[in-house]
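Please open the model in your viewer and keep the sequence panel beside it. The tour below goes from one selection to the next and says what is found at each stop.

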Amino acid sequence: FVPQILKGKKILITAGPTFEAIDPVRGITNRSSGKMGYALAHAAACAGAEVLLISGPTALDTPLGVHRINVESAADMLNACLPHVAETDAFIAVAAVADWRVDSPATQKIKKQHADDVPHLSFTQNPDILHTVAQQPNAPYCVGFAAETENVLEYGQAKRLKKGIPLLIANNGPATFGADDNEVVLLDNAGEHPLPRQDKAQLAHRLIAEIAKRLTTK
Ligand code: C5P
C-alpha cells in the first residue's frame, strides 16, 4: 500500500536521452538510460498522480498507469511539454537533454567521399526545457536534476538559482548513468538535504514524498 499523497495532482516528467539527427540514419545521443525518470513516473503514479512521461529513446517499458509520449530531439521534447504546462502541478525534468543539435541535418544520408574528406558539423544551442517551463506564467512546481563531477553542492545551488527552480536534485556525475542505484542531495532554499545511496526505485518513492511535501506547502 502506497499513501495517495499525489491524488488529484498532475505530474509532467521528462526522461531519457535526446537524439539529435545528423542525417536520416545517424545522430548524436548520450548514455542516459531513463531509469531514474521512469522510476519517478512509476512512483508518482503509485502515489495517485496523473502522470505524463515525455521520453527520449530508451529500452524501458512504460510504467503501469503512466501516459507516455515518445520524442527524439530536444526541440521535440520542449514542444511536447509546452501544451501541458498550464495544467501541470509539478514538472520533474530528468531527461539528459543534448546541449547542442546539428545545425541543418542532411535530408539524405551523407556519403563517404575520399579517405581524408570528413564531414564538418556545426552546432546550434538547444533550448533549456526546464528553464523555459519554469518561466511560463503560472509555472508548475519545477524540479531539476544535475550530474556534477566536482563541487556538487556549490555548482548545484548555482544551477538551481540560474534555472529559477525551487528544488534541484544533485548527484555525483556520470557514475549514475545506467546504474540501478543513486546517491543524491536535495538542494532547496533551506540548504542541502543528503539522502543515503539506494536503489533507484526506492529513491524515486522517497523523492516523490519530498516533492509532494513541498507541493502542499508551496
Ligand atoms: O544545465 P544542466 O543540463 O546540467 O541541467 C540539468 C537539468 O536541466 C536537468 O533537470 C535536465 O533535465 C534539465 N535540462 C533541460 N533542458 C536542457 C538541459 C537541461 O530541461 N536543454
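Which residue in E6 stands opposite Leu12? Select Leu12 and look across to E6, where Phe91 is its opposite number. Before going further, note that this is a predicted model, in which local features need pLDDT of at least 70 and side-chain atom pairs count only at pLDDT 80 or more, while totals for chains, interfaces and linings use all residues. Residues are numbered from 1 along each chain as its sequence is written. Helices (H or I, at least four residues) and strands (E, at least two) are DSSP runs, numbered from the N terminus.

**The sheet**

Now select the strands E1 and E6, which pair in the parallel sense over four bridges; two strands pair if DSSP finds at least two bridges between them. Widen the selection to the open sheet of eight strands, whose order is E5-E4-E1-E6-E9-E10-E12-E13 and whose pairing is mixed. At the edges you find E5 and strand E13 (191-194), each with a single partner strand, so one side of each is left without a neighbour in the sheet. From one strand to the next, the twist averages 20 degrees.

**Helix H1**

Select residues 35-46 next, which make up helix H1; its 12 residues should span 16 Å at 1.5 Å a residue, and its end C-alpha atoms are indeed 16 Å apart. The expected span is 1.5 Å times one less than the number of residues. Is this helix buried or exposed? In H1, 12 of the 12 residues are buried, so the helix is largely enclosed by the rest of the structure. Here a residue is buried if 20 or more other C-beta atoms lie within 10 Å of its own, exposed if 12 or fewer, and partly exposed in between, with C-beta atoms placed from the backbone. The cover over these buried residues includes strand E1 (10-15), strand E4 (50-55) and helix H5 (200-216). After H1 comes Gly48, whose phi is positive, near 100 degrees.

**Helix H5**

Move to H5, which lies across E6, E9, strand E10 (167-172) and strand E12 (184-188), and which runs at about 140 degrees to E9. Angles run from 0 to 180 degrees between N-to-C directions, and the axes are lines fitted to C-alpha atoms, for helices over the stretch in contact; contact means that two C-beta atoms, placed from the backbone, lie within 7 Å. Within helix H5, pick Lys213, which counts as exposed because it has 10 C-beta neighbours inside 10 Å. Add Ile5 to the selection: Lys213 and Ile5 are 208 residues apart in sequence, and 8.5 Å apart in space, C-alpha to C-alpha.

**Around the ligand**

Select the 14 residues around the ligand, of which Ala93, Val97, Ile129, Leu130 and Gly144 come nearest. Helix H3 (129-134) and strand E9 (141-148) are the elements that give two or more residues to this shell, and E9 gives the most, with three residues.

**Two loops**

Most residues other than glycine have a negative phi. Asn138, in the loop between H3 and E9, has a positive phi near 55 degrees, and this residue is exposed, with 8 other C-beta atoms within 10 Å. Finish at Asn151, in the loop between E9 and helix H4 (152-163), where phi is again positive, about 45 degrees.

Notes. A residue is near a molecule or strand if its C-beta atom, placed from the backbone, lies within 6 Å of it.
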